[in-house]
Structures are given as structure tokens and as C-alpha cells.
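User: Could you walk me through this one? I'd like to ask about the empty spaces, a sheet and a few odd spots.

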Amino acid sequence: MVVDEKKVSKTESNASASTPGVATPETAASTNGQDPAPKPAPIGSIPSIKDLYQGKEDSQGRAQWVDKYPEDAEEAAENEETAKFAFIARKKKCFSGRKKFDIDSIVINSPAVKKVLENVFDKYPGVTCKLGRLVFAAPFNPFVHRWSEFVLAIQEEEEDDTKEHLELLHGLLKGELKDTIKALEDYITHGVTTFDHLWTIFHPGCKVFARQPGGPTALSFYRGSYETGQCGDYYQLCLEPIGWNGTAFGRGCQYINIFSFAGTRTISDLNAFPLSFHPEEEKMCAKLVARGEKYEALRGYHYKSYEGIGLTWNAQDKQVPLSVSGRIIIDTESFDRHNPTRSLSYHDALKKTDYVITQVPEMSFKTLVSNLESDFNLEEASPLMRLTPEGHLICKATVPGYSLKLKKWMLFFVDKITDITWNDNAFSKLVLPSDTKDILMSFVESQVENKNAFDDVISGKGKGIIMLLSGPPGVGKTLTAESVAESMHIPLYMMSAGDLGTGPDEVEGNLQKILEMVAKWDAILLLDECDVFLEERTTHDLERNKLVSIFLRTLEYYEGILFLTTNRVANMDAAFQSRIHISMAYPNLSPESRRQIWSNFLEMSKQESVVSEEDLDYLSRIELNGRQIKNVLKTSFLLSMRRKSPLRREEIDVVLAIEGRRPDQNIS
């Protein structure tokens, strides 16, 4: 290809130079302030640059672009000559009456100084000293926060030329920052601060102590800024806690506001302040580190007990406190999946001081074979990461989980989480024939340990086990499922019709979520009084038929353990009966069973009783079910406490006499 060099030279000459006072290339208008007469040409065909200039602003601050070159335009102050100086101090007029000029910004040109400042401002957010053009703007926050490190770097510098440059910069900044640094030192000495100087006490990377609902917490300070909102001015802290995101630990982001105040205020009285100002810093650090160790141990899935206040969300999606008592499931991954809008992000990388890498964990032969069969599980053989005490210090104070009693996803405070006190005698206290109890427990244990050992012709189908417990009220159907779960130390999820809704679509969605959660937790699912969903289909009730069909289809693919209880087994749909693995009919209690139940409740009571063996023989002949016996004893104990005496046959007879007046009871 042949290039017309004259044409290229002419084009380059038109766009090569600079217009005085501007940064754009010089055009034909640069020499005389006006363009040559335009020649006819198609749009965008002239190989040149047309300059337009901002005109004067009107009363509303608006300006138009004009063709005329500005007469008051001056030469640019920074050029190749000024770049030869180690520093450039940009100054502006000062109207405080204390000096003529304030320094607006400082340009660092000295390569040697840049190299020293790299160490001074190591890990300081927003400062990159390797840039070709390094500019620090007033009020020079980085130098205020790292002033002691800057002074130390000057003292330790051995190169004469570099030290001369550093001392020059030090003298320039000292004159500008002397009031701020002196005020900071004065505030630190007396433990107070002003709202305008809040930024001076918060250094990037410092640990911040914050008073929050549920207890104190510590976080790492990242940056701060002054903001204005509906409640006035405030200083906003951007802080970093360490949290578990379901797969790994990471840093997140949390904002805390300190609202404007007049005069000085004690630093330790602020709702958030540097941990170094805490009057009992060492004691508080030890407490927070211990809580962080507990937080680290709660990563993944855990079945725990909880007593205290938790955090949930109201209809406006605002966090509100709620009293919680009972068993909970700690499971961050499931929480994030079921509450995507409420999940917290902890995906920022940890600092090197937050963790250590330990050795590769030992694996059993069974685990090794499992890993070889699944590439996904190979990550289990990777080196283990453990948080350091510095990482434990800034761990979150709450963990996400599920309250089995309230049926709610919530945030639980780590300090309130405890291990479960198991009642290992629950199953032995169950009044059932011993062979029935053995069969029941063997089925459940085998299902938990080998739930993937059996599969249907269609993969994933028929892996679960369904047990039907039928019989009259109060004979131990519900207690059977509760005692089995307690004996095996696994969760029990009690599902009712109210948890699923009424419409077919609503029922299907809620049922799918519950079955998914229960299967993941290896929990026992109890559907108490299942008649409403399992009743035989008819030709005239299409809505009920839809519900039954949903249950039939969904339970077919359930992979866990399901207990169904009913008082009306005869009304169950035939399709359900074919899906039940074990069906157990509970007869009415015999005198021997009733005697055992009376005895069990009396033994479990924390209050004293003087009921004799003859009394138990008498009570066993009264036709009561297990629930009625419990209610009678509870009322009798209340009566004995009122009389301030041990429980006697006399109090029980009083309650039985009252119960005998109820027409729905059969007490003789």
C-alpha cells in the first residue's frame, strides 16, 4: 500500500502542537483565534480538530460552548520545568486571618521519597505510592494517621539526598499540620475529641469497639467520611468484620454512624471508638477473642440449644428482637439460599494477619475412597485454615440459623448458644413392647447411616423411609418420634398444616423447602395429625385431591425419615398406604402401661412426692391416656405447692374428682 507522505505530514502538522493554556492539541484556530473559512465538505470528513471553549456563566451558573478563544486564559503552571522539583505545593488564599495561604495539595515528584512513602503508607486504603503522579490533598489524612511512622522513616533514612528530600517534605507538612497534630495529641492525652476531629482518631486498620444490640463487638476500620442525612451531620465509619459465608471465612462491610455533637466528648462514651481507648482493653480483647473462637467453631452445620434474644425481620423487613428458647440449627449456607435478600456478604479476602495455614488433615480410607469418587470432595484434602487471635477479635457476634420451635430463620448471638443437654433416657421411658422399640430404632439408625445405599429404578426416588403411627389420642405416637430423635441426637422437625398453607401451589413450595432442609440436616420429620393431607381422594373435592397428589409426588423423592401420626388410619388414601414402609398401630393403654406412665412422670418431676406402690396400682386402673395422666399430675403438683406439702394421693384424688365431672372423660 502506497502512503502519500506529504498528506500525512500536513495532517500531523495540523494536530501536533498545543494551544496555549489548554491540554488539547493545537488546531488551525490556535494561531489567530479564529477558524479559516469553512469549505464545502461531507459531515466528519475534514482531518482536523475543532476547538470550542466554555463561555461565561449566567446568573444560574450555566455556560455555553463558544468558538472564541478566551482572552483571560493563562499558561499552565505545571510543566516540564516544575516537574524537576522534588515537590510542588499548590497554595490558595487563606481567609482565617492566621496566615496568607493554605496548602491545597502537594505533588510528590521525588522517586526516592515515593519509595520511602511506600513503606510508610503500606496497606493504607486509597494511597498508591508507585504512581507516576502522586498527589496528597488537604487535610492530608494519611500523614496525620501515619505521622509517627513518617518521622521514624526520616530518622532511619541513611541516604543523604533522600533524607534531605524527606526533611523538606516534613518541614512543609509540619507547618500545615501542626495545629491538627497538636490537637490530636491533646485529645489522646485527655481522652476526648470533637466532632470535627473524629477522623484523626480513626486510623485505617485500627480495631474499633462498638456497642450494638446483643453485646459489644470489635471491627476493623477501613475508612470514614463526613455525611449529612435527615437527622443531621454524622461521621460514617466503614468497618470490616470477619464472617463465614457458607464455604469460607472472609471480610465483610458494616457501617456505623456517629452523629454530630457540640464541644468535646469523652472518646469512650461514643457508640464506636478505637479499641485502644477502652478502659479495660485487655479484658475486653480476651472476651472478644474467646467469642471469636466459638464463632469459628460454629462454621458449617450445627445442632445447638439457645436461650435468649435473637434477631428476626418484621413485615417491613426491619430487624427486630425476638425471645427464643429451645433447639436451633446453625446453617449459613441454607440461610443464604432461603433468604437471598437477607444474606450477608463475606467475600473480601482476609488479611495475612487474620489466619494461619495448618497441615493437611488426615483422612480415613473410607473418606479417601469417597474423595476419589467425587472431584467436588477433593477440597476436603486441602490445607486447613485457622483464624488467628487477631482474626477472632473481629469475628461477627451473630450466626444465622433456624429456630425449630418458632419455625423462623433468624440471627442468633454467639454468646447465647450452648450445647444440648440430651435426655438419653427418653426412649427407654417410652411405654412400648421391647421388640417394637428395637425394630423402630434399628430402622431409624440404618436409614441415617446408609440412606444412599438403596435406590429405586429411577435415581433419587424412594431413598427415604416413611413410618405411620396410628391409634387413639394420648398413647405415645408423637412421643415415639420425639424420643427416637432425642436418643439419636438428631433434630426433630414437627410439621403441621399451618406451616404449609392452604393453596396447592403454596403447599407444594413450602413442602419442598421443608423436605429439603430436613434431608440436609439428617433430621426426623414428624407430620402430626396428617389426616388433612392423607385423606382418601374423592370425585367432588378437586382442591383436596390436588393436595393429596402433591404429597404423593413429593414424598416419593424424600430422602429422610418421616413419621406420620393419625387417629383415622381407615380414611387414608390407598396410594399412601403403598408408600409406607412401617405401619404401627397403638392400642389403648393397658393397666400395666398406665402404671408405668404414672411412675415415669413422678420420677421425672423435680418436686417431692409420697405416692406409694398401692397408690400407683389404684391409679393404673383409671382409664386415662398418657396426655391426660400428665395433665392430672401437673395440676396435682400445683395444688401441693399451694398447700406447701409433698404430692400425695389426696391432691391427685381432688384433681381426678374434678376431671370426673367432665362429660368427655371416662374416669371410674
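**Pockets, strands and oddities**

Analyst: Sure, and keep in mind that this is a predicted model. Let's begin with the largest pocket, which holds about 1,100 Å³ of space.

User: Which residues are closest to the centre of the largest pocket?

Analyst: The lining of this pocket is made of 38 residues. Closest to the centre are Thr478, Leu479, Glu482, Ser483 and Lys630.

User: Which element gives the most to the lining of the largest pocket?

Analyst: Several elements give two or more residues, among them strand E16 (319–331), helix H19 (591–604) and helix H21 (626–643). Helix H13 (477–488) is on that list too. With eight residues, the top contributor is H13.

User: How many residues of that lining are nonpolar, polar and charged?

Analyst: Let's split the lining of the largest pocket by class. Charged residues number 10 and polar ones 11, while the nonpolar count is 17.

User: Now the closed spaces. How much space lies in the largest cavity?

Analyst: A probe the size of a water molecule, rolled over the atoms, shows where empty space is left. Here, four cavities come out at 30 Å³ or more. For the largest cavity, the volume is about 110 Å³.

User: Which element supplies the largest share of the lining of the largest cavity?

Analyst: The lining includes Trp244, Thr332, Phe335, Asp336 and Thr398. Two elements, helix H9 (332–338) and strand E19 (398–403), each supply at least two lining residues. By class, the lining has seven nonpolar, two polar and three charged residues. The largest share, three residues, comes from H9.

User: On to the open sheet of five strands. Which are its edge strands?

Analyst: Strands of a sheet pair through backbone hydrogen bonds, either parallel or antiparallel. In this sheet the order is E12-E9-E8-E7-E14, and the pairing is antiparallel. An edge strand pairs on one side only, and that describes strand E12 (254–259) and strand E14 (272–274).

User: What angle does the direction of helix H8 make with that of E8?

Analyst: Within the sheet, neighbouring strands are turned by 45° against each other on average, ignoring direction. Helix H8 (residues 281–297) packs on this sheet and touches both E7 and E8. Its direction and that of E8 make an angle of about 100°.

User: What is the bridge partner of Val208 in E8?

Analyst: Strand E7 (residues 207–212) runs antiparallel to strand E8 (residues 215–229), and six bridges join them. Val208 has its bridge partner in E8, namely Leu219.

User: How far apart in sequence are the parts that the pair of Trp313 and Phe335 ties together?

Analyst: The whole structure has 24 aromatic pairs. Trp313 and Phe335 make a tilted one, with 6.0 Å from centre to centre and 40° between the planes. Trp313 sits in strand E15 (residues 301–313) and Phe335 in helix H9, so the pair links parts whose separation in sequence is 22 residues.

User: Which residues does the cis peptide bond with omega of about 10° join?

Analyst: Most peptide bonds are trans, and most residues other than glycine have a negative phi. One residue of this cis bond, Pro139, lies in the loop between strand E5 (134–137) and helix H4 (141–145). The bond joins Ala138 and Pro139.

User: And what is the phi of Asp522?

Analyst: Asp522 lies in the loop between helix H15 (504–520) and strand E24 (524–527). Although Asp522 is not a glycine, its phi is positive, about 55°.

Terms used: Residues numbered from 1 in each chain as written. Predicted model: local features only at pLDDT ≥ 70, side-chain atom pairs only at ≥ 80, totals over all residues. Heavy atoms only, no water. 1 Å grid on protein atoms, 1.4 Å probe; cavity = no way out; pocket = protein on both sides within 12 Å on 5 of 7 lines; lining within 4 Å. Points joined across faces, edges and corners; volume = space filled by probe spheres on them. Helix = DSSP H or I, 4+ residues; strand = E, 2+ residues; numbered from the N terminus. Nonpolar A, V, L, I, M, F, W, Y, C, P; charged D, E, K, R; others polar. Pairing = 2+ DSSP bridges. Axes fitted to C-alpha atoms, helices over the stretch in contact; angles between N-to-C directions. Contact = heavy atoms within 4.5 Å. Phe/Tyr/Trp six-rings, centres within 6.5 Å; stacked < 30°, edge-to-face > 60°.
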